[in-house]
Amino acid sequence: MKINVHNVLTGKSVVIDCEPSETVGSLINRAKESFGYLSNQVVYFHGQVQLNLDFPISAYNIPDGGIVTINRNKNMNYAAAAPTPNITPITPPNQTYLTNNVVNVTSWVDPNQSHNYQIPWLNEKLLNPPSPSTSYFRFTTTTFPKMQSMIEDLKLPLGIAIRPADVSNQPIFDYQNIPLPRCKNCNCMLCPQVTFTPDNQKWICLACKTPNIIDNSIINIFEAPELKSQVYDVLVPPFTISKRDGGPAFAFVLDMSSLTANAGFTEQFICSLKASLDSMPQNAIIYLITVGKNLTFFDLRNREEIIMPDLTETNINVPSQPTLSEIREDLDQILDMLLYRLHFDTPSTGHCLGNGLQLATNALRKTGGIIIAVFVGVPVIGPYFLKDRHSAGPNEEVTLLKLPTDQTGIFWRNLAQIIRTNGISLHAFNAGPQFADLATDAVTTGLMSGTVHHYHTFDDSSREKLHTDLFTVLTKDYLWNAETEVKLTRGAFISRQLGNCTTKSGDNTGTYFGALMPDDSVVLELDYEERLQINELFIQVQLSFTDLQKVTHIRVFSFSVPVTTDLNIVRQNIDEISLMSIIIRRAAMMILGKGRQDCVNYIQSNMKELIKSKAAIVSIPYLLHSLLFSDLTRERHPDGIDGRLAIIIRIRSIDIISATLYLYPRLFALQEDGSYNVLPLKGSSFAYGTVFVLHMIDRIVVWVSLAAKPEFLMDLFDVDELTKISNEIPVKENPPNKALLEIIENSRVLSRCYLPVSVIPQGSSDEAIIGQSLFDDDSGNRQSFEEFSKSY
């Protein structure tokens with residue numbers, strides 16, 4: 001039999017010939033011959049079932065041609081993943097560095113600072129939050145204030161950063177054929193915090209305190225496993241939560257106009273799509289639409305190409321389509337035909353994207369799913385055209401980050417309403433310096449777990465990034481038709497939700513997500529009613545979704561946090577990274593609502609309040625400083641208005657680790673003996689070695705100094721000269737090479753995705769990215785961290 005082993009972290013796949021009697025470990029060992037180095041921090045899955053390396057392949061009913069995926073171990077303690085030995089600073093020959101006040105970098109503290117701040121990646125609490133928080137459910141403080149008046153005095157936001165889809169190995173209980181025990185008043189579900197009346201005849205809901213009669217004829221509630229499970233899934237009948245017959249479904253809307261043809265954008269997208277088809281869910285329903293001067297729908301079931309030249313009559317019902325496995329060969333042929341047309345047909349001078357999105361929305365209304373739109377520039381053809389709004393006036397950016405106020409905005413506002421109530425997520429891929437008005441034609445990306453991928457200059461590096469971005473979007477382990485309901489201690493309430501989602505009602509207790517990605521995060525800000533006193537803060541989040549096999553789940557999270565009347569205890573138990581996840585989202589929303597300057601003022605006021613509050617802050621000043629001078633907040637984004645919108649959408653749902661990497665990448669110095677360490681983002685850090693690794697939010701950069709010894713280069717790259725180095729890092733059996741591969745693999749595991757690696761020799765034109773990442777130094781309009789911290 002043949003099994004396709006796919007490494008999610010690198011994007012590589014290999015087909016292995018094996019016998020059902022072989023162990024999973026034997027299969028993986030043979031895959032390693034193709035993959036090279038594999039971290040011990042990964043796990044193996046067939047579908048959603050984790051595989052034991054010692055079990056035979058036959059134990060998991062993997063079919064001939066089945067797929068085994070390699071992914072990160074979500075339960076790994078990542079703070080312990082990379083050793084942090086002390087290293088001896090080295091000043092390489094032919095290089096000039098500031099080496100005064102050299103310190104031990106393992107506990108690096110700037111001796112000139114008035115506060116003992118610590119760079120984020122040396123903060124143990126970053127990756128290992130204290131109880132009751134977890135990596136996927138993090139409170140801004142582990143002890144909440146008891147009274148509402150204390151929240152006002154605290155002057156810091158309270159809330160929870162949740163990554164609800166990024167949970168593994170939780171117990172699953174089957175309620176498809178029996179009633180689900182829930183509170184009769186608020187629908188809260190069983191959890192460890194439940195209590196019972198003295199006569200054991202009723203159980204007490206911790207959220208609303210309602211007594212619920214126990215009926216042991218259905219289940220013995222006293223032995224219910226939910227009472228011992230803080231997080232669990234229950235399987236429920238279809239339509240229990242959602243009105244749609246959900247599951248994997250993709251609708252592709254491809255721009256075939258001259259702008260995208262000349263840029264090679266849709267061509268590259270189609271090539272990357274063809275390369276990714278084997279790794280997509282094979283039971284996914286596929287819709288294919290193209291837009292130009294006409295709207296074209298490819299009926300894959302009936303093998304028909306339906307061209308609609310009358311763009312006023314395109315709001316039609318779309319016939320249901322087959323799954324990817326059923327039409328794979330036909331789809332390949334159609335994509336090849338589209339490639340031919342891009343090269344040899346005369347393309348239209350514009351596109352009718354609005355019509356294409358409308359048709360894709362109609363196609364997915366019964367099932368929910370994902371729309372992937374690929375386009376260049378604004379739609380200029382059809383009834384849903386957009387005008388060039390660049391003459392918006394002195395506050396141009398604030399205006400252009402909102403929907404148009406004239407008649408052209410009505411369609412897009414209505415389309416967003418339809419998309420967000422039907423379990424549909426939009427992922428927009430856009431290229432070119434032309435203004436695309438993404439705040440309008442991609443507005444729903446920010447409402448339903450969508451993304452915006454904007455490639456301002458579509459060059460070779462952008463092609464590679466498009467390939468990686470598309471593969472990620474197509475192969476994520478989505479929770480389809482995801483919705484949440486939140487239950488809180490009576491008197492506490494959600495004051496605001498921050499994420500790429502849509503609230504169901506004014507009280508913020510219900511949320512629509514659409515197709516939820518594992519790394520999507522949402523923040524719930526909390527407050528209390530006036531004069532409320534509570535004895536314990538209890539919160540239960542119920543996430544309903546359909547899985548890859550169209551089975552309906554409800555995932556239940558139940559957490560309790562102690563409360564106190566002592567504000568100093570609240571301040572001393574602040575989770576800086578969780579607090580930062582609120583601040584960065586508020587900053588993004590402020591740019592959308594009021595503009596950049598108000599956002600800058602907000603960031604500066606947060607730093608002042610943190611210092612005044614005497615909270616136990618160690619690393620958040622570094623993050624606030626970086627945020628103040630980031631792409632999000634700079635006066636003019638290098639990729640224009642559309643680039644600004646793309647990063648805002650990213651920030652709104654960014655998880656804690658990615659947010660920290662965006663604001664403060666990890667910098668490693670690699671030594672000749674294979675040891676390595678994390679350093680601050682300062683030019684003086686380059687006194688600690690000759691080879692450095694920069695782990696960024698979307699890539700890994702290896703920078704090699706001219707002073708690196710030929711022996712060191714040979715150990716790492718199997719070459720003895722800097723000019724011979726390539727981006728392909730060989731697998732060698734020596735300490736520095738193993739350490740370099742370990743840093744790269746651990747970085748991908750921590751980021752939960754494949755990250756491309758670039759090896760940059762000193763003197764290369766590409767090394768500017770290193771200087772741009774030295775956020776602690778002053779540069780141009782950027783104040784150094786030392787000066788920033790001293791000013792508060």
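UniProt positions are given in the numbering used here, and its annotations may be inferred rather than shown by experiment. With that in mind, the structure above, which is a predicted model, can be entered through an unreviewed UniProt entry that places the feature "domain: Zinc finger Sec23/Sec24-type" at residues 181-213. Over residues 181-213 the chain is 0% helix and 24% strand, and the C-alpha atoms at the two ends are 10 Å apart.

An open sheet of three strands has the order 10-11-12, with antiparallel pairing, and its edge strands, each of which pairs on one side only, are strand 10 (195-196) and strand 12 (211-213). Strands of a sheet pair through backbone hydrogen bonds, either parallel or antiparallel. Here two bridges join strand 10 to strand 11 (residues 202-204), and these two strands run antiparallel; the bridge partner of Thr195 in strand 11 is Ile204.

The aromatic side chains offer a second way into the model. The count comes to 27 aromatic pairs, one of which is formed by Tyr478 and Trp480, a tilted pair with 5.2 Å from centre to centre and 45 degrees between the planes. Tyr478 is buried, because its relative accessible area is 4%, and Trp480 likewise counts as buried, because its relative accessibility is 2%; the cut-off for a buried residue is under 20%.

Tyr622 and Tyr664 form an aromatic pair that is edge-to-face, with 5.6 Å from centre to centre and 75 degrees between the planes. Tyr622 lies in helix 15 (residues 620-628), whereas Tyr664 lies in the loop between helix 17 (656-663) and strand 28 (666-670), so the pair ties together parts that are 42 residues apart in sequence. Both Tyr622 and Tyr664 are buried, and they belong to one aromatic cluster together with Tyr117, Phe785, Phe788 and Tyr792.

Rings also meet charged side chains in this model, as two cases show. The charged end of Arg666 sits over the ring of Trp121, 5.7 Å from its centre, while Lys504 lies over the face of Tyr512, at 5.3 Å from the ring centre.

Finally, the cysteines deserve a look. The count of disulfides comes to zero, where a disulfide would need a pair of cysteine sulfur atoms within 2.5 Å. As for the surroundings of individual cysteines, Cys18 is buried, because its relative accessible area is 3%, whereas Cys271 counts as partly exposed, because its relative accessibility is 36%.

Methods. Residues numbered from 1 in each chain as written. Predicted model: local features only at pLDDT ≥ 70, side-chain atom pairs only at ≥ 80, totals over all residues. Heavy atoms only, no water. Helix = DSSP H or I, 4+ residues; strand = E, 2+ residues; numbered from the N terminus. Phe/Tyr/Trp six-rings, centres within 6.5 Å; stacked < 30°, edge-to-face > 60°. Buried < 20%, exposed > 50% of the residue type's maximum accessible area, 1.4 Å probe, protein only. Lys NZ or Arg CZ within 6 Å of the ring centre and 35° of its normal. Pairing = 2+ DSSP bridges.
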